[in-house]
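Biologist: I am new to this structure and would like a close look at a single part of it. Please take one strand and its surroundings slowly.

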Amino acid sequence: MKKIKRIVMKIGSNVLTRADGTLNVERIKNLVEQVSALKKQGIQVIMVSSGAVASGRNLIKPKRKDAVSQRQLWSAIGQVRLMETYAEYFKKHGLLCAQILASKDNFSNRKRYLNMRNCVEVLLESNVVPIVNENDTVAVTELMFTDNDELSGLMVSLVDGDALFILSNIDGIFNGSPDDPSSEVIREVEPSEKGVSRFISANKSSFGRGGMLTKFNIARKVARDGIPVHIINGTRDNILTDLLIEKEPIIHTTFIASSKNSGVKKWLGHSESFAKGQLVINEGAVQVLFSKKANSLLLVGVTGVEGEFEKGDIVRIVSEDGSFLGQGKSEYGSEFVAQNLEAKGKKPVIHYNYLWLNE
């Protein structure tokens, strides 16, 4: 915690809304107070805030019944209300906040990705608090993030944050049902640890789209990129300042970080849903890629190609039994790859510097 200078904090819908679905203004007030206190300690904060849909839900009754249209209506109205509330409380601390509405397109292309990073950097340099949310008004089902947990994982990698704090309405990941008095919070999770997922319910939260299983998967991926993740109870007053300033031993779940990946590999690690095609590789290529040496993927190891893609597109990598192995930026288009399967003497189809493996 001592080395933390830049954090991303994700605030879930269940933290920001009351049981009746209305916006919890007192909770926002306390969160803003905490961010202000952190900034006075020299810690930069990027907020990924849910709550727009929940904010608009009780303001208007939609005429259309389909879920996407309702989400667009509520988020368009609710986002205004949410940002007005944040701006009002930040103003009392002499701070400005800025709205960033993100969609998957902002992350699928490396150039747009870097443009977004530059936008966030400009805001931070100007002492403005960036508040990020999904652009629900234009997102359709196939282009939506899983939820803001996924978006927060993308953002902390984008800004090269020192830690990601996921604020939920419980104390962390439990080794049983959180409602069972005998269940305890799992304090630490190693990046390679997969067994913890058996304790986690796949149920979604009351107001958001995600749940604890999504948080677990995102947190493990971010930690493997070299960024620690903390799942904490955001309904507890001053929990962030107690952790980062007062250094109190708050019960929560920490995902221990692995060695840090490069910026490109962090981007690739979160790019599976952006893949345009898929490469099937043989067992020999699998062993080479997952050996201790840094190796690129050669055409000689590729036995199949699926989908249509161009040079520079992101493609998935799978074994011949269909197991997901990773993804990377292809040096060839799909037509060339299909015509040169298992060919020798060609440059790598995916260079190591643009290769992310699901280890």
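How many bridges join strand E2 (residues 44-49) to E4, and in which sense do the two strands run, parallel or antiparallel?

Modeller: This is a predicted model. Two bridges join strand E2, residues 44-49, to E4, and the two strands run parallel. One facing pair is Val-48 and Val-132, with Val-132 in E4.

The other neighbour of E4 to consider is E3. Seven bridges join E3 to E4, and this pair also runs parallel. Here Gln-99 stands opposite Ile-131 of E4.

These strands belong to an open sheet of eight strands with mixed pairing. The order across the sheet is E3-E4-E2-E1-E5-E7-E8-E6. Its edges are strand E3 (96-102) and strand E6 (188-189), each of which pairs on one side only. Elsewhere in the sheet, strand E5 (residues 163-168) pairs with strand E7 (residues 229-233) in the parallel sense, over five bridges. In that pair, Ile-166 has Ile-231 of E7 as its bridge partner.

Now to E4 on its own. Strand E4 covers residues 128-134, and seven of its seven residues are buried, so the strand is largely enclosed by the rest of the structure. Val-128, Pro-130, Val-132 and Glu-134 point one way from E4. Val-129, Ile-131 and Asn-133 point the other way, and the residues of both groups are all buried. Val-132, which faces Val-48, is thus in the group with Glu-134, while Ile-131, which faces Gln-99, is in the group with Asn-133.

On the E2 side, Val-48 deserves a separate look. Val-48 lies in strand E2. Its relative accessibility is 0%, and because buried means under 20%, Val-48 counts as buried. Leaving aside neighbours within four places in sequence, Val-48 is in contact with a run of residues from Val-8 to Ile-11, namely Val-8, Met-9, Lys-10 and Ile-11. Val-132 is also among the contacts of Val-48, as are Asn-148, Leu-151, Ser-152 and Met-155. Val-8 is 40 residues away from Val-48 along the chain, yet their C-alpha atoms are separated by 7.1 Å.

For contrast, consider a loop residue. Ser-323 lies in the loop between strand E11 (314-319) and strand E12 (324-329). Its relative accessible area is 34%, so Ser-323 is partly exposed. Setting aside neighbours within four places in sequence, Ser-323 is in contact with Ile-317 and Val-318. The C-alpha atoms of Ser-323 and Val-185, 138 residues apart along the chain, are separated by 32 Å.

The side chain of Ser-323 makes a polar contact of 2.9 Å with the side chain of Asp-321. A polar contact of 2.3 Å joins the side chain of Asp-321 to that of Ser-319. Ser-319 is found in strand E11 and, at 9% relative accessibility, counts as buried. Not counting residues up to four places away in sequence, Ser-319 touches Val-280, Ile-281, Val-286 and Leu-325.

A last place to view is on the surface. Ile-60 sits in the loop between helix H3 (52-57) and helix H4 (67-91). With 35% relative accessibility, Ile-60 counts as partly exposed. Together with Leu-59 and Ile-77, Ile-60 makes a nonpolar surface patch of about 220 Å².

Notes:
Residues are numbered from 1 along each chain as its sequence is written. This is a predicted model: local features need pLDDT of at least 70, side-chain atom pairs count only at pLDDT 80 or more; totals for chains, interfaces and linings use all residues. Side-chain values use heavy atoms; hydrogens and water are left out. Patches are made of residues with over 30% relative accessible area and no salt bridge: like charges are joined within 9 Å, nonpolar side chains (Val, Leu, Ile, Met, Phe, Trp, Tyr) within 5 Å. Accessible areas come from the Shrake-Rupley method with a 1.4 Å probe; for residues, only the protein chains shown count as cover. A salt bridge is a side-chain nitrogen of Lys or Arg within 4 Å of a carboxyl oxygen of Asp or Glu. Helices (H or I, at least four residues) and strands (E, at least two) are DSSP runs, numbered from the N terminus. Buried means under 20% relative accessible area, exposed over 50%, partly exposed in between (1.4 Å probe, protein chains only). Contact means heavy atoms within 4.5 Å. A polar contact is a pair of N or O atoms within 3.5 Å; within protein, one must be able to donate a hydrogen and the other to accept it, and residues adjacent in sequence count only if both atoms are side-chain atoms. Two strands pair if DSSP finds at least two bridges between them.
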